[in-house]
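Please work through the exercises below with the sequence and the 3D structure at hand, trying each task before reading its solution.

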Amino acid sequence: MSFVRENARWLATGLLLSLGSSFGQTYFIALFAGEIRAAYGLTDGQWGGIYTVATLSSAVLLIALGGRADTMRLSRLALIVAVVLAVAAVLMAVGQSVWLLVVTVFLLRFCGQGMMTHMKATAMARWFVATRGRAMAITNLGYPVGEALLPLLVIGVVAAIGWRATWGVTALVIVAVLIPLLMVLLSQDRAPKGSNGGQGSPGLYGRHWTRAEVLSHPLFYAFIPFLLTPGFIGTVVFFHAVHVAEVKGWDLIQLGPSYSSYAIASVTVGFLSGALADRFGPTRLLPFALIPMALGMFLIGPADTPMEWAAALALVGVTQGVAATLGGTLMPTLFGTNHLGSVRAIATAIMVVSTAIGPGLTGWVIDLGITYPEQGIAQGLWCLLISAAMVPVMLWAGRLQKQKAPV
């Protein structure tokens with residue numbers, strides 16, 4: 001508890017950024033999928049295609065602008081992103097054309113899932129060194145808190161005032177709550193602590209790697225299949241929740257508890273994985289992270305009740321809890337913190353690309369007549385394959401961490 005008290009302002013900032021990202025996360029947008037498809041006359045595949053195009057575009061922009069986290073004060077960057085996020089919510093409330101829908105989803109994805117997540121992870125990795133895993137685990141709480149609370153609230157508000165008005169309320173919350181809190185919390189700056197007299201924490205070979213250097217090293221590419229998988233599957237599970245309810249014959253409101261089961265599992269395992277990452281290093285977790293997700297995907301197809309769906313999502317949440325910790329600790333551990341914004345922008349963009357590919361690809365397969373629950377076995381097998389592939393990658397990274405210079 002002393003760690004939390006001593007770092008309350010900075011941890012609260014991370015929590016707020018992760019919670020604020022909810023408005024651009026797939027699970028939040030997907031709650032409106034049925035209404036959006038009906039309003040614009042879209043099939044599952046067409047809606048998934050729009051989502052893919054918008055999200056891929058946001059990944060490209062994130063690569064271009066993610067380095068601003070290295071050069072711009074967080075107090076300014078976070079407020080700019082939050083204002084644009086509010087504008088996107090307004091556009092969702094009033095937009096009428098498909099083209100404007102594409103732009104709106106692009107802005108929601110870039111500001112919410114992209115920049116909010118990127119700024120949070122970059123700040124925590126730079127502000128904390130020896131306790132980086134713990135700080136990531138605490139500030140990652142914003143994600144499952146949003147996942148647990150917002151779906152139930154949104155379903156109720158949509159029933160009361162309609163889906164477009166609900167997006168208007170979302171914009172109001174961003175302007176009246178999120179932005180003022182960010183202004184208060186970021187009124188004081190924090191220098192990196194824990195190594196080199198405040199000069200940051202180095203990575204492999206005792207160096208701070210630039211983006212170009214990271215992209216020239218084969219180890220980075222060995223991580224890409226792992227970086228892609230949690231985002232891909234975690235996105236489509238929520239994106240197709242309405243579709244799953246239709247296929248299984250469930251009411252959407254019956255799926256509400258499943259979000260809570262996902263959140264509880266993610267939170268619990270997130271704290272455990274944060275402690276393990278601090279003690280043993282994040283690379284040691286790589287071979288084990290995707291196994292629970294594999295089990296969850298195997299369960300989705302035969303699930304006959306919403307409770308079984310909730311159990312499947314809980315298993316997915318276990319993997320997401322570990323993946324969230326790894327997402328914040330792996331890059332700074334291996335490549336240092338001085339250029340972390342630029343480096344993490346690539347890793348975050350890869351994650352965003354996976355969330356872009358998922359809805360479009362799985363939506364297209366649904367249009368071919370294969371329901372999403374029927375796609376679960378293939379995705380589970382993929383998770384097991386990548387888990388096995390991460391064993392040699394873990395050993396390779398361990399050897400490099402022991403070297404003082406390339407050999």
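The exercises that follow deal with single residues, a helix pair and aromatic rings.

The model is predicted, and local features need pLDDT of at least 70, side-chain atom pairs count only at pLDDT 80 or more, while totals for chains, interfaces and linings use all residues. Residues are numbered from 1 along each chain as its sequence is written, and side-chain values use heavy atoms, with hydrogens and water left out.

**Exercise 1.** Find where Leu17 lies and decide whether Leu17 is buried or exposed.

Solution. Begin with the secondary structure, in which helices (H or I, at least four residues) are DSSP runs numbered from the N terminus; Leu17 belongs to helix α2, which covers residues 8-20. Next, take the relative accessible area, where buried means under 20%, exposed over 50% and partly exposed in between, with a 1.4 Å probe and protein chains only. Leu17 has a value of 0% and is therefore buried. Then list the contacts, meaning heavy atoms within 4.5 Å: leaving aside residues up to four places away in sequence, Leu17 touches Ala78, Met116, Met119, Lys120 and Leu182. Finally, the C-alpha atoms of Leu17 and Thr139 are 8.5 Å apart in space, although their positions lie 122 residues apart in sequence.

**Exercise 2.** Describe the surroundings of Ile174 and Thr170 in the same manner.

Solution. Ile174 is part of helix α11 (residues 163-185), and Thr170 has its place in α11 as well. Ile174 is buried because its relative accessibility is 0%, and Thr170, at 6%, is buried too. Beyond four places in sequence, Ile174 touches Phe23, Ala82, Leu85, Ala86, Ile179 and Pro180, whereas Thr170 touches Phe23, Phe28 and Ala89. A further step shows that Ile174 and Gly20, 154 residues apart along the chain, have C-alpha atoms separated by 7.9 Å.

**Exercise 3.** Work out how helices α16 and α17 pack, and which residues make their contact.

Solution. Two packed helices are described by the angle between their axes and the distance between the axes. The axes are lines fitted to C-alpha atoms over the stretch in contact, and the angles run from 0 to 180 degrees between N-to-C directions. Helix α16 (residues 291-300) and helix α17 (residues 306-335) pack at about 160°, with axes 7 Å apart. Angles under 35 degrees count as roughly parallel, over 145 as roughly antiparallel, 65 to 115 as roughly perpendicular and the rest as oblique, and α16 and α17 are therefore roughly antiparallel. On the α16 side the contact includes Ile291, Met293 and Leu299, and on the α17 side Trp309, Leu315 and Gln320 are among the residues involved.

**Exercise 4.** Which kind of aromatic pair do Phe28 and Trp167 form, and where do they lie?

Solution. Rings of Phe, Tyr and Trp (its six-membered ring) pair if their centres lie within 6.5 Å, and planes under 30 degrees apart count as stacked, over 60 as edge-to-face and the rest as tilted. By this rule the count is 14 aromatic pairs. Phe28 and Trp167 are 5.3 Å apart centre to centre with 85° between the planes, an edge-to-face pair. The pair joins distant parts of the chain, since Phe28 is in helix α3 (residues 26-30) and Trp167 in helix α11, 139 residues apart. Phe28 is buried at 1% relative accessible area, and Trp167 is buried at 0%. As a last step, Phe23, Phe28, Phe32 and Trp167 form one aromatic cluster.

Conventions. Helix = DSSP H or I, 4+ residues; strand = E, 2+ residues; numbered from the N terminus.
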